[in-house]
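Me: I would like a close look at one part of this model, the place where the two chains meet, together with the helices that lead up to it. Please take it slowly and keep the reasoning visible.

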Amino acid sequence: MLGLIVPAVLNGLMSGAIYALVALGLTLIYGVLHIINFAHGSLLMLALYAVYFLHVLFGLDPYVALPFMVAGFFALGYALQRGVISTFSHGKDSNILLVTLALSIIIDNLALYFFTSNTRTVDLAYAFEMVEIGPAFIPLPRLIAFIAALIFAGLLWFVMTRTRTGKAIRAIAVEKRGAELMGINVKHAYAMCFGIGTACLAAAACLLLPTFYVTPQVGYAFVLVAFTTVVLGGMGSFVGALVGGLLLGVVEALCGLFLGETLGQIGIFAVFILTLLFRPAGLFSPRGAR
Amino acid sequence: MIKREHTGNVIVAVLLGVCALLPYFVLSAAWTGFAINILIFSLLALAWNITGGFGGMMSFGHAVLFGSSAYATAMLQLHLGLNAWLAGAVALAVGALVGGFIGALSFRYGLRGSYFALVTLAFAEVFRVLASSFTVTGGGQGLSLPLGRELANLQFASRLDNYTFVLILVLIALAITIAVRRSRFGAYLIAIRENEEAAKALGINTFRVKVLAMTLSGAMAGTAGVAYLQTFLFVDSQIGFGTVMSFEALLGPIIGGAGTVLGPILGSLVLHTLGEVARESIGGAPGLNLVFYGVVLLIILRFLPDGLMGIFKPRSRAQAKPEGK
């Protein structure tokens with residue numbers, strides 16, 4: 001039995017690291033802009049296609065593409081927030097929600113139109129190399145993804161706590177008007193924040209594709225997991241997203257092991273609904289705080 | 001100021017009335033089918049409008065109410081051999097119950113805004129996965145009703161009869177909407193939308209009002225589900241609980257004007273008519289109509305944040321609207 005559970009848990013942790021990375025982007029945007037970005041999954045899907053086409057058309061290895069992808073998607077996120085989301089929503093919370101929903105529907109269905117619903121994968125020489133950890137064999141790319149995701153999360157933490165931009169963003173999250181009075185450019189900081197959140201997706205996509213696939217619907221599965229992670233960890237909480245992501249990866253792997261693939265998803269939704277109902281501010285927050 | 005809104009209502013009412021009569025005089029059978037579609041989506045839009053429009057409870061998973069009723073009717077008829085009319089009536093109660101249940105759970109724990117949107121979305125998703133996993137619900141294939149085009153089976157010999165049936169349902173839903181708008185209950189709902197704390201402080205039992213609104217909305221969305229099933233004699237997990245249906249539910253009200261009486265119907269009519277025109281001109285690749293809907297939604301949010309009915313609102317008030325939290 002242990003021989004089954006340990007590999008499942010380890011595999012769960014590997015997927016969990018990617019979930020955490022996707023959730024970090026979401027939680028960062030929520031923590032500062034106080035909006036749930038419904039287009040998050042669609043942007044991840046877009047990033048996966050970008051990595052795919054960089055590989056197929058230009059022979060670029062996903063890991064080599066990572067810095068370019070991160071830069072490119074940072075710019076995309078910045079432009080989206082500044083050019084579309086803030087102007088189209090007039091700054092009203094409920095409208096921001098609807099704008100991101102509309103964006104996600106547009107992006108998803110355009111992808112369906114241009115890329116068709118075929119499942120695409122990349123063939124990489126190292127994709128099937130295994131690493132032995134205790135009783136489990138873990139595919140090398142998944143281990144790389146796990147470590148890289150944690151490094152990226154550390155980097156993000158550094159940016160948010162040690163740089164001027166990060167400090168400005170956090171100041172706005174706490175007290176928008178006050179930060180504005182201190183001369184912080186709120187519009188710029190919002191867009192920076194959205195850009196960084198989107199850049200997380202680019203990194204996740206580069207780490208994910210070697211062992212995963214891409215279809216126009218792929219983002220949808222991830223975004224629900226990411227919502228769950230963020231809710232579990234507490235909206236806007238950095239550590240929460242990290243721990244929540246890893247935890248959910250394990251929950252999914254164990255549910256998949258015991259309930260089968262399709263009902264394994266139910267485990268995640270159950271966690272989602274239960275957390276929303278009983279601890280909407282997250283597992284690690286004082287009760288009642290919102 | 002009030003006069004302008006009144007004129008707007010009259011203009012839109014006349015317009016909608018004329019459109020509603022078109023199938024009886026001009027439209028071909030194919031177009032009548034299209035009109036039935038619009039009416040079903042109008043029903044769903046009116047249901048969303050009760051909670052999302054009047055109450056400001058933005059649901060991203062209204063499909064869960066639509067789908068529950070559609071599945072309930074189908075299962076009662078197929079598995080228990082219940083008469084279609086009876087099954088339909090029970091299914092409405094199912095929709096109301098599911099709505100009340102989700103509402104009670106969410107509001108009991110004080111979920112609102114983005115959190116409420118998320119939890120409704122999650123419920124729809126859970127129902128979708130469940131419906132596609134069990135044989136009682138037809139699994140991945142969905143459920144089909146046997147053909148029996150008689151009124152006793154709640155099926156219709158002609159498209160026009162079918163249209164009349166759904167039109168009557170829409171008129172009833174419209175009457176309910178007007179009644180809610182004029183009632184104390186409706187005033188409570190609007191008060192909750194504008195400022196829930198203040199409403200509570202004034203002694204309104206906000207929890208009860210919100211759960212009631214979800215129950216009513218559930219019954220109305222359930223009507224749409226039953227009408228859909230009896231028209232197309234088919235439902236599967238994607239149609240019943242998919243995000244597209246949830247999206248449809250909120251598009252009509254947002255585009256037409258959330259929290260207005262005629263807005264949801266106007267929105268559905270305009271959106272689908274434009275969508276059809278676009279399809280005729282660009283060609284109908286899968287998903288393109290949704291791209292189009294998304295673009296329309298963006299444009300409306302950008303230029304007419306109060307929806308089409310907002311055209312008739314005095315400008316100053318539309319802009320001075322307080323930010324909802």
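Reply: What follows begins at the contact between the chains and then moves to the helix packing and to single residues.

The model is a predicted one, and in it 32 residues of chain A are in contact with 35 residues of chain B. On the chain A side, the elements that each give two or more residues to this contact are helix 3 (62-89), helix 4 (93-115), helix 9 (218-233) and helix 11 (261-278) of chain A. Helix 4 of chain A supplies the largest share of that side, with 13 residues. Sorted by class, the side of chain A that touches chain B holds 22 nonpolar, eight polar and two charged residues.

A residue to look at within helix 4 of chain A is A:Leu97. A:Leu97 counts as buried because 21 C-beta neighbours lie inside 10 Å, where the cut-off for buried is 20 or more. If the neighbours within four places in sequence are left aside, A:Leu97 is in contact with A:Ile35, A:Ile36 and A:Phe38 in chain A, and with B:Met58, B:Ser114 and B:Ala117 in chain B. The contacts of A:Leu97 thus take in residues of both chains. In another direction, the C-alpha atoms of A:Leu97 and A:Pro135 are separated by 46 Å, although the two residues are 38 places apart along the chain.

Helix 4 of chain A also packs against helix 3 of chain A, and the axes of these two helices come within 8 Å and cross at roughly 135°. That angle makes helix 3 of chain A oblique to helix 4 of chain A, because it falls neither over 145 degrees, where roughly antiparallel begins, nor within the 65 to 115 degrees that count as roughly perpendicular. The crossing of helix 3 of chain A with helix 4 of chain A is right-handed. Helix 3 of chain A brings A:Val84, A:Ile85, A:Phe88 and A:Ser89 to this contact, while helix 4 of chain A brings A:Asn95, A:Ile96, A:Val99, A:Thr100 and A:Leu103. By class, the residues of the contact between helix 3 and helix 4 of chain A are six nonpolar, three polar and no charged.

Just past helix 4 of chain A comes A:Thr116, in the loop between helix 4 and strand 1 (130-133) of chain A. Most residues other than glycine have a negative phi. The phi of A:Thr116, however, is near 55°, a positive value in a residue other than glycine. A:Thr116 counts as partly exposed because it has 13 C-beta neighbours inside 10 Å. Chain B offers a counterpart in B:Leu233, whose phi is likewise near 55° and positive in a residue other than glycine. B:Leu233 sits in the loop between helix 9 (206-232) and strand 2 (234-235) of chain B, and it is partly exposed, with 17 other C-beta atoms within 10 Å.

Elsewhere in chain A, helix 1 (residues 2-33) takes part in two further packings. With helix 8 (residues 186-208) of chain A, helix 1 of chain A packs at an angle of about 175°, the axes being 8 Å apart, and the two are therefore roughly antiparallel to each other. Among the residues that meet there are A:Leu21, A:Gly25 and A:Leu28 of helix 1 of chain A, and A:Phe194, A:Gly197 and A:Leu201 of helix 8 of chain A. The contact of helix 1 with helix 8 of chain A divides into 19 nonpolar, three polar and no charged residues. With helix 10 (residues 238-259) of chain A, the axis of helix 1 of chain A comes within 6 Å and crosses at roughly 140°, and these two helices are therefore oblique to each other. The crossing of helix 1 with helix 10 of chain A is right-handed, and the residues of that contact are 19 nonpolar, eight polar and one charged.

Finally, a word on confidence. Chain A averages a pLDDT of 86, and 95% of the residues score at least 70. Among the elements of chain A, helix 2 (residues 40-58) has the highest mean pLDDT, 94, and helix 11 the lowest, 75; helix 11 of chain A is also one of the elements on the side that touches chain B. Over residues 286-290 of chain A the pLDDT is below 50, and this stretch has three contacts in the model beyond near neighbours in sequence. Where pLDDT is low, the predicted coordinates should not be read in detail.

Terms used:
Residues are numbered from 1 along each chain as its sequence is written. Chains are lettered from A and ligands numbered from 1 in the order in which they are written. This is a predicted model: local features need pLDDT of at least 70, side-chain atom pairs count only at pLDDT 80 or more; totals for chains, interfaces and linings use all residues. Two residues are in contact if their C-beta atoms, placed from the backbone, lie within 7 Å. Helices (H or I, at least four residues) and strands (E, at least two) are DSSP runs, numbered from the N terminus. Ala, Val, Leu, Ile, Met, Phe, Trp, Tyr, Cys and Pro count as nonpolar, Asp, Glu, Lys and Arg as charged, and the others, Gly among them, as polar. A residue is buried if 20 or more other C-beta atoms lie within 10 Å of its own, exposed if 12 or fewer, and partly exposed in between; C-beta atoms are placed from the backbone. Axes are lines fitted to C-alpha atoms, for helices over the stretch in contact, and angles run from 0 to 180 degrees between N-to-C directions. Angles under 35 degrees count as roughly parallel, over 145 as roughly antiparallel, 65 to 115 as roughly perpendicular and the rest as oblique. A crossing is left-handed if the near helix is turned anticlockwise from the far one by less than a right angle, and right-handed if clockwise. pLDDT is the predictor's confidence in each residue, from 0 to 100.
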